[in-house]
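The following exchange asks on what grounds particular descriptive terms are applied to a protein model. Each reply sets a computed value beside the criterion it must meet.

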Amino acid sequence: MHKIGLVLLAISLQASGIRISEVMSNPQGSEYENEFIELFNATEYVMQINGWILSDGSGVDTVSHLSGPVDIQPAHYALIVDPGYNFISGPYSEILNDSLPIYTISTDESFGSGGLSNAGESVILLSPDSTISSEMSWFSSTSNGFSWERVSVTSADSLAIWQQSLEINGTPGYRNSVAPPLINLSILGMVMESMVLDETVDVTLQIRNGGEHPVQDFFISIYRDEDQNGERNQGEWSILFPFDSELLAQEEIAIPLSLFSLVPGVHHVEASIFAQGDELPEDDTLRFEVVGSYPRNSISITEVMYSPAAEQQGEWVEIQNRSEGPISL
């Protein structure tokens, strides 16, 4: 008896891993024939959804296999299309591929109780034993030809994880256009911890993994732009800090670094983070200034002309560098 209960629990947990990942409720062309519902297999198992139930809360449809593989592989998508969809001339004909499991509904000629409402409705996916696998709702219309896309296929069902697609006709069978990148490390900011002349500059960089995958083996490059031209020139000071620790998805960490010995003057510094496969390099770099103050009396005012003989001569101030090296003003 206990074994039967455990088996049923395992099946139920697997079923809950089939998630609604995209809904086209306001398609181009036919409001009925061009609607679709995309699913994502978030389990570690090969799944099938023959005989599953699709509902809008009132109408009920039975899901049946139509074309492509019948199995939905782990971390792969499947598509449920309207029975009347035209695979030759329909708006997704150039997007769909033969490796995509495609299902349809066998109960009637449209989703739910007369197609999916543009302005607001619910879609509920149930396993054959009536266990809810996934559900989503919307309360406003997308632009014509744009779907509702799930931001994260790994997050639990929630109203907050749905956005309008960035792509016309959506992304049926593919990673959603609103999904965060798989790998993306970024530098959020910097805090100066210590700036004492003749001692090392200590800073703390705030690093974030904004991708969906954990990242391991990355490095930070610190570069001091001596000639202030924004380019890395040979001979200018730089150092690499390698890290082999793992950053989980959406994790933020503070990394303390000791840079260079501080001398008087303005130092233009560039910090960059590098990870293999980073999809958004534009947020990998942070530029900041480190200012080492000059000792008091390094520069002295030696003469002031505040009352020139004629207006055209102008006023002026003379200063003297009393230090042992050049000073940038």
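Q: How do you know which residue L54 is paired with in β7?
A: The bridge partner of L54 in β7 is L125. The model is a predicted one, and this assignment is computed from its atoms.

Q: What makes β3 and β7 a strand pair?
A: Two strands pair if at least two bridges are found between them. β3 and β7 are joined over three bridges, in the antiparallel sense, so the criterion of at least two bridges is met.

Q: What makes β7 and β8 a pair, and in which sense do they run?
A: At least two bridges are required, and β7 and strand β8 (residues 132-138) have six, in the antiparallel sense. One of the matched positions is S122, whose bridge partner in β8 is S137. β7 and β8 form a hairpin with five residues between them, and S130 in the turn has a positive phi of about 70°.

Q: Why is β7 described as mostly covered?
A: A residue is buried when its relative accessible area is under 20%. Five of the six residues of β7 are buried, and the strand is therefore called mostly covered.

Q: What makes the enclosed space in this model a cavity, and how many of 30 Å³ or more are found?
A: A cavity is a set of points where a 1.4 Å probe fits but cannot get out. The search of the whole structure finds one cavity of 30 Å³ or more. About 50 Å³ of space lies in the largest cavity.

Q: How do you know which residues line the largest cavity?
A: A lining residue has an atom within 4 Å of a point of the cavity. The lining consists of I37, L54, S55, D56, D61, F111, G112, L116, S122 and V123. The elements that give two or more residues to this lining are β3 (53-55) and β7 (121-126). By class, the lining has five nonpolar, three polar and two charged residues.

Q: Why is T171 called buried?
A: The relative accessibility of T171 is 10%. Buried means under 20%, so T171 counts as buried. T171 is placed in the loop between β10 (162-164) and β11.

Q: What makes the approach of T171 and N176 a polar contact?
A: A polar contact requires a pair of N or O atoms within 3.5 Å, one able to donate a hydrogen and the other to accept it. The side chains of T171 and N176 are joined at 3.3 Å, so the distance meets the cut-off.

Q: Is N169 buried or exposed, and what is notable about its phi?
A: N169 has a relative accessibility of 11%, and the limit for a buried residue is under 20%; N169 therefore counts as buried. Phi of N169 is near 70°, a positive value in a residue other than glycine. N169 is found in the loop between β10 and β11.

Q: Why is D217 called exposed?
A: The relative accessible area of D217 is 54%. Exposed means over 50%, so D217 belongs to that class. D217 is found in strand β13 and has a positive phi of about 65° although it is not a glycine.

Q: Why is E303 called partly exposed?
A: E303 has a relative accessible area of 37%. This value is neither under 20% nor over 50%, so E303 is classed as partly exposed. E303 lies in strand β18 (residues 299-305). The C-alpha atoms of E303 and E318, 15 residues apart along the chain, are separated by 4.9 Å.

Q: Why are β14 and β17 said to stand at the edges of their sheet?
A: Four strands form an open sheet in the order β14-β13-β16-β17, with antiparallel pairing. β14 (238-247) and β17 (285-292) each have a single partner strand, so one side of each is left without a neighbour in the sheet. The twist averages 20° from one strand to the next.

Q: How do you know that β13 and β14 pair?
A: Eight bridges join strand β13 (residues 215-224) to β14, and the two run antiparallel; at least two would be needed. F219 stands opposite P242 in β14.

Q: What makes β11 and β15 edge strands?
A: An open sheet of three strands has the order β11-β12-β15, with antiparallel pairing. β11 (185-194) and β15 (252-261) are its edge strands, as each pairs on one side only. The twist averages 25° from one strand to the next.

Definitions and conventions
Residues are numbered from 1 along each chain as its sequence is written. This is a predicted model: local features need pLDDT of at least 70, side-chain atom pairs count only at pLDDT 80 or more; totals for chains, interfaces and linings use all residues. Side-chain values use heavy atoms; hydrogens and water are left out. On a 1 Å grid over the protein atoms alone, a cavity is a set of points where a 1.4 Å probe fits but cannot get out, and a pocket is an open set with protein on both sides within 12 Å along at least five of seven lines; lining residues have an atom within 4 Å of a point. Grid points are joined across faces, edges and corners, and a volume is the space filled by probe spheres set on the points. Ala, Val, Leu, Ile, Met, Phe, Trp, Tyr, Cys and Pro count as nonpolar, Asp, Glu, Lys and Arg as charged, and the others, Gly among them, as polar. Axes are lines fitted to C-alpha atoms, for helices over the stretch in contact, and angles run from 0 to 180 degrees between N-to-C directions. Buried means under 20% relative accessible area, exposed over 50%, partly exposed in between (1.4 Å probe, protein chains only).
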